[in-house]
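Colleague: I should like to learn how to read a model of this kind. May we begin with the contact between two chains?

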Amino acid sequence: MSELLIWLVALPLAGALAALLLPRRATATAIATGVATTLAAAALLHGVATQGVMHYAIGGWTGGLGIALRADGLSALLVLMNALVVLAASVYASAYFRKPSQRARFWPLWLLLWTSLNALLLSGDLFNLYVTLELVGLSAVALASLGGQTAAVQAALRYLLVGLLGSMLFLAGVSLIYAAYATLDLATLARVAEAGPILWSALALMSAGLLLKTALFPLHFWLPPAHASAPAPVSAVLSALVVKAAFYLVLRLWLDVFPDVVTAQAAAVLGVLGAGAILWGSWRALHAERLKVLAAYSTVAQLGYLFLFFPLLQALPSDASRDLALGGLVILALTHGLAKAGLFLAIGVVQQRSGHDTIRDLDGTAQRLPATTFAIALAGVALIGLPPSGAFLGKWQLLAGSFAAGQWLWILVTIIGSLLAAAYIFRVLGHAFGHGPYPNVAVTLAREEWPALLLTLTAAVVLGLAAAPVWSVLETRL
Amino acid sequence: MSATSLLVFDGLLLVSMVSLAWAALASTDERRSVILFMAFGLVVALAWARLLAPDVALAEAAIGAGLAGALLLTAGREQRQPTPVHGAAGVHKRHDAPLGSALRWAVTSMSAALGGTLAWALAHAFSRGPQDGLAQAVSANLPDSGVSNPVTAVLLNFRAYDTLLELAVLLAAVLGILALGRERPGYAASGPVFDGLVRWLVPVLILTAGYLLWVGAHAPGGAFQAGATLAAAGVVLRLAGRRCIGLPQGTTLRILMSAGVGMFLLIGLALLGFGRPFLGYPAAWAGVLILVIESAAMVAIAVTLVLAFLGGRPQPIRVDALGRAPALPPVAAPSGRTREAMPRAESATAEALERCNEEKVRC
Amino acid sequence: MLTAHWLYGLTGCLIVALGLRAALLQTSLLRRVVAVNVMGTGVFLVLIAVAYRGPEMPPDPVPHALVLTGIVVAVSATALALALARRLNAEHADE
């Protein structure tokens, strides 16, 4: 059963090689790999929910000599979210890329990105995390520059350099950890690491690198251009999954591996930066002229909400209220992942149909593409945090946690952020409705519209109504 | 060596290292900066040898200084302007230059703070006393690993999964490079001296690569160093103005590019099928399996690094009815030299084609 | 602790700081790439210094393997960055 962990990495990797070696059958190979990997991810979640934390020692070497893979509730949930988003985006991408040469270049890199995301979420070794971070970064950059346009290549280059800087800082932290504890295994470190100058510096360096990669304000400057000029399916995965992977690492390191080192002040710093991200990101989204730029700034803002949880998790005592808050965080992350991916895919449909994604000129999109506009609206529901979306539950937990911990600032920020989100979403929807007649058919471009619709539906409705299992799965913690 | 002379050597080495780094970073001319960086890399390789890390020294010299330097120099060849004009988006810029001195001071103090934190923590780590790291665990398990070089054992056995992902990193980078455009324009055919050198240098490099691969099991060496040496052979051929450097095309090229990752996956999953852990080689077979994987990895690394040096999709060489190949694309040298390069290139192509046919290298 | 540790380890930190400063302040892509590579070399210096156990004992091989991996990763990223820059220059050459 624990072989599932290595299969989740081996399947997309094998798919990438197959897509590379058989370019004419690349699309079919990719979709088949996608389905297989999604099934494996579902099996993993089921396995973790029933049997608890899963370990796999690669090569059979234990005791820190080899590399171990680990899956608990948090990583299993994120792996499944990854699988659903990538599968949906793959279906969309099979219709998005028309030319065979584009497809031949896209699929191997796409599957390599999926491999790296899974490898990152399941890794239990610090240096292995560095390698997976680099693989994520390089494949994401290569995908983002696939269009070849100047804006895309420029943004990709900036992304690459920022990513390299972040990885180097992360590696510096890892070297300190090895110097102090002579092990790179996360589970061992969680047992033996004690607060002190070495650990503090190592965590500071690693976090600095990761915060660059997760685009936390004010280190977010690279994100909007990169996500806005990449091809639509790539933007979806970049916003929904790649930045979330770096966030997952911050969460894992701060909460599970090195919890003793984290102080209230450090958590407060993250909270303040998160608040800045919410306000600045939402403000810029409100003034965005293009849909993709709006969605990219919305990602900056939504990541801010995730960081707002840190001071709460630090302040709350280790009991039910803390678990509730953590569950809220995860549900918010899951909802955002699905909703943002769906939003980018829907924007891609709009862009391909109208030739542009300027908000002011959206007149009548609702008429021509009713299913897509509905998807955008659903994504908006999830981004604002209206019930019954999962984001509503997440933000509710955020507010409840702030009350319990007595930190009122976050409540104010959350409310303002949600109002701003409502403003920019309704602005888009306002422009999308024109005065023309309504068509008889809801879904006009099946392969392109269904993925966006399904993703946003899950985010806006399913995750909210069926959220209770999330909390119970999260009880399986490393 | 006595302790004092070692200390003097260390001091000299470190001083030259830091000076070269500073000079490379502060130099105003880009080409000079890259050459100083290559010199820095070679001094660093010396430091690795001093710190008893010969595998790393080989890799740093071949890849870190050699190939990276070659990549940077070729890239610098194409720059029209040595320093970018502000607003010209040909180059990535983060701040509007000229940078205010306040900003420079802020960045300097932040870098100093980060470096200082690292140093402070490192000092604490060193003060704890001598550490063995994982060395004991490695030497305890070395007899079962199939090789006697501990670094190879770690790379290809204990932490083979890292190496697998690293080969995937190489693959992702080269796929990105290939998607961005065609290969860089070639070089004009070399004169007799360099050509004569190339004729014997390339076979020696290939032999050295094979040797490094074989010897990596029990002495410093291994797939990465061998792959880099093989790539160096390709780079040298390219620099000599040859049209064909031994790179296959089409499906064969893709197979070679993915050979490293592919072999790892094949063997890992096969072992899984036999009931062993992923990449858990049985002790009796470990040596053979490692050699097989290393051979595939060497080829993949060589092909990938050469493609990176080429800078894009290699163009097939087409021959017309009379057996002539079209002229080499003009060398994109800054100002003036382009006109000279063109006629030389046309006659050079016919020679190059002849050489190709002589040596029966697949074009 | 061994003198070599202090010498090489702290030099590594210095080189990291130099590389980081240059990476942030330089405007030319080529020099930024060189700076990031220098910064990486600084981190590798720290790792190899940690691995050194003195002239008599064999060093710890794990950091050596890590640094080897790091060197290859760094050169891959460098190659991709240079290819992206080349594409940008080509775009502007046509303007």
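Modeller: This is a predicted model. In it, 23 residues of chain A are in contact with 24 residues of chain C.

Colleague: Which helices of chain A each supply at least two residues of the side that touches chain C?

Modeller: They are α5 (126-144) and α6 (150-181) of chain A. The most comes from α6(A), with 15 residues.

Colleague: How is the side of chain A that touches chain C divided by class?

Modeller: That side has 17 nonpolar, 5 polar and 1 charged residues.

Colleague: How many helices and strands does chain A have?

Modeller: Chain A has 19 helices and 2 strands. Its radius of gyration is 21 Å, close to the 23 Å that the globule rule gives for 478 residues, so chain A is as compact as a globular protein of that length. Buried residues make up 67% of the 478 residues in chain A. Of the contacts in chain A with a separation of 6 or more, 81% are between residues 24 or more positions apart.

Colleague: How should one read a helix such as α13 of chain A, residues 320-354?

Modeller: The general idea comes before the case. An α-helix has 3.6 residues a turn, so residues three or four places apart point the same way. Helix α13(A) has 35 residues and reaches 50 Å from its first C-alpha to its last, close to the 51 Å expected at 1.5 Å a residue.

Colleague: Why is α13(A) described as largely enclosed by the rest of the structure?

Modeller: The reason is that 26 of its 35 residues are buried.

Colleague: Which residue follows α13(A)?

Modeller: Gly355(A) follows, and its phi is positive, near 85°.

Technical notes:
Residues are numbered from 1 along each chain as its sequence is written. Chains are lettered from A and ligands numbered from 1 in the order in which they are written. This is a predicted model: local features need pLDDT of at least 70, side-chain atom pairs count only at pLDDT 80 or more; totals for chains, interfaces and linings use all residues. Helices (H or I, at least four residues) and strands (E, at least two) are DSSP runs, numbered from the N terminus. The radius of gyration is taken over C-alpha atoms; the globule rule is 2.2 Å times the number of residues to the power 0.38. A residue is buried if 20 or more other C-beta atoms lie within 10 Å of its own, exposed if 12 or fewer, and partly exposed in between; C-beta atoms are placed from the backbone. Two residues are in contact if their C-beta atoms, placed from the backbone, lie within 7 Å. Ala, Val, Leu, Ile, Met, Phe, Trp, Tyr, Cys and Pro count as nonpolar, Asp, Glu, Lys and Arg as charged, and the others, Gly among them, as polar. The expected span of a helix is 1.5 Å times one less than its number of residues.
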